[in-house]
Amino acid sequence: MAEKVVAMVVAVIVCTVVMIVPEVDATRFAVGGNQGWSPNVNYTIWAQDKHFYNGDWLFFVYDRNQMNIIEVNKTDYESCNSDHPLQNWTRGAGRDVVPLNVTRHYYFISGKGFCYSGMKLAVRVENPPPPPTASPVKSASPSPIYSGQFVLPAVFALGALWDIFLRFW
């Protein structure tokens with residue numbers, strides 16, 4: 001019986017923490033938009049208005065029988081040289097995801113001559129900006145217990161306590 005009480009208390013604490021912790025969003029970018037990873041697309045123009053942050057993903061869609069995704073250094077990117085790849089992200093399905101999990105410049109090309117047709121992408125990954133600071137809220141309520149961040153977890157906690165009370169009485 002005591003084990004159920006402990007389990008219920010732990011569940012209430014977990015629910016409360018989940019409700020209070022802010023959500024982190026990563027973005028999955030479909031490289032090239034509707035055209036995908038294909039020749040004759042200007043990926044510099046495609047990437048210029050986008051911000052790539054640590055934790056985002058690049059999603060490459062391409063013809064797996066002809067093309068590939070090779071990560072190279074800046075020199076090999078500029079010369080379309082795929083002889084010394086840093087990483088081969090080609091997994092054979094033609095729908096590959098590359099995690100951008102380090103703050104740095106990334107350089108991708110397609111080997112097999114397609115780089116010369118424009119299949120090259122350079123992105124700069126940066127740390128996400130800090131969240132905007134909220135302006136102070138002027139409230140007629142003197143107590144912070146009624147602020148939105150505490151109401152929902154408090155309702156869950158009270159409901160769990162009421163459930164425990166009903167089970168034992």
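**Entry 1. Terms and outline**

I note at the outset that two strands pair if DSSP finds at least two bridges between them. With that settled, I looked up β7 and β8: 5 bridges join them, and the two strands run antiparallel. I record that the model is a predicted one.

I then took stock of the chain. The protein chain has 169 residues, of which 29% count as buried. I found 4 helices and 8 strands in it. Read from the N terminus, the elements follow the order α-β-α-β-β-β-α-β-β-β-β-α. I also looked up the contacts with a separation of 6 or more: 69% of them are between residues 24 or more positions apart. The exposed area of the protein chain is about 11,600 Å², and carbon and sulfur atoms supply 60% of it.

**Entry 2. The sheet**

In what order do the 5 strands of the open sheet stand? I read the order as β2-β8-β7-β4-β5, with mixed pairing. The edges are held by β2 and β5 (87-88); each has a single partner strand, so one side of each is left without a neighbour in the sheet.

I went through the pairings one by one. Strand β2 (residues 52-53) is joined to β8 by 2 bridges, and these two run parallel. Within that pairing, Tyr53 has Glu126 of β8 as its bridge partner. Between β7 and β8, I found Phe108 opposite Leu121. Strand β4 (residues 70-71) is joined to β7 by 2 bridges, and the two run antiparallel; here Ile70 stands opposite Ile109.

I checked the burial of β7 separately. Of its 5 residues, 4 are buried, so β7 is largely enclosed by the rest of the structure.

**Entry 3. The nonpolar cores**

I recall as background that nonpolar side chains tend to be buried together in soluble globular proteins. Which residues touch the most other members of the largest nonpolar core? Among its 23 residues, I found these to be Trp37, Phe52, Leu58, Phe60, Phe108 and Leu121. At least two residues of this core come from each of α2 (43-48), β3 (56-61), β6 (95-100), β7 (105-109) and β8 (120-126). I noted a second, separate core of 7 residues, including Tyr77, Cys80, Tyr107 and Cys115.

Phe108 and Leu121 thus enter my notes twice: as members of the largest core and as residues that stand opposite each other in the sheet.

**Entry 4. The disulfide**

How many disulfides are there? I counted 1, and it joins Cys80 to Cys115 with an S to S distance of 2.1 Å. Cys80 lies in the loop between α3 (74-79) and β5, and Cys115 in the loop between β7 and β8, so the pair ties together parts that are 35 residues apart in sequence. The torsion about the S-S bond is about -65°, so I entered the disulfide as left-handed. Both Cys80 and Cys115 are buried, and both belong to the second core.

**Entry 5. Val125**

I looked up Val125, which lies in strand β8. Is Val125 buried or exposed? Its relative accessibility is 2%, and since the limit for buried is under 20%, Val125 counts as buried. Setting aside residues up to four places away in sequence, I found Val125 touching Phe52, Tyr53, Asn54, Leu100, Val102, Thr103, Arg104 and Tyr106. Of these, Phe52 and Tyr53 belong to β2 (residues 52-53). I also looked up the pair Val125 and Asp56: they are 69 residues apart along the chain, and their C-alpha atoms are separated by 8.7 Å.

**Entry 6. Asn68**

Where is Asn68 found? I located Asn68 in the loop between β3 and β4. At 11% relative accessibility, Asn68 counts as buried. What does Asn68 contact, leaving aside its neighbours within four places in sequence? I listed Trp37, Tyr62, Thr90, Ile109, Ser110, Gly111 and Lys112. With Gly111 there is a specific distance to record: a polar atom of the Asn68 side chain lies 2.7 Å from the backbone nitrogen of Gly111. Two other names on the list were already in my notes: Trp37 from the largest core, and Ile109 as the residue opposite Ile70.

Conventions. Residues are numbered from 1 along each chain as its sequence is written. This is a predicted model: local features need pLDDT of at least 70, side-chain atom pairs count only at pLDDT 80 or more; totals for chains, interfaces and linings use all residues. Side-chain values use heavy atoms; hydrogens and water are left out. A nonpolar core is a set of buried Ala, Val, Leu, Ile, Met, Phe, Trp, Tyr and Cys residues joined through side-chain atoms within 4.5 Å. Buried means under 20% relative accessible area, exposed over 50%, partly exposed in between (1.4 Å probe, protein chains only). Contact means heavy atoms within 4.5 Å. A polar contact is a pair of N or O atoms within 3.5 Å; within protein, one must be able to donate a hydrogen and the other to accept it, and residues adjacent in sequence count only if both atoms are side-chain atoms. A disulfide is a pair of cysteine sulfur atoms within 2.5 Å. Accessible areas come from the Shrake-Rupley method with a 1.4 Å probe; for residues, only the protein chains shown count as cover.
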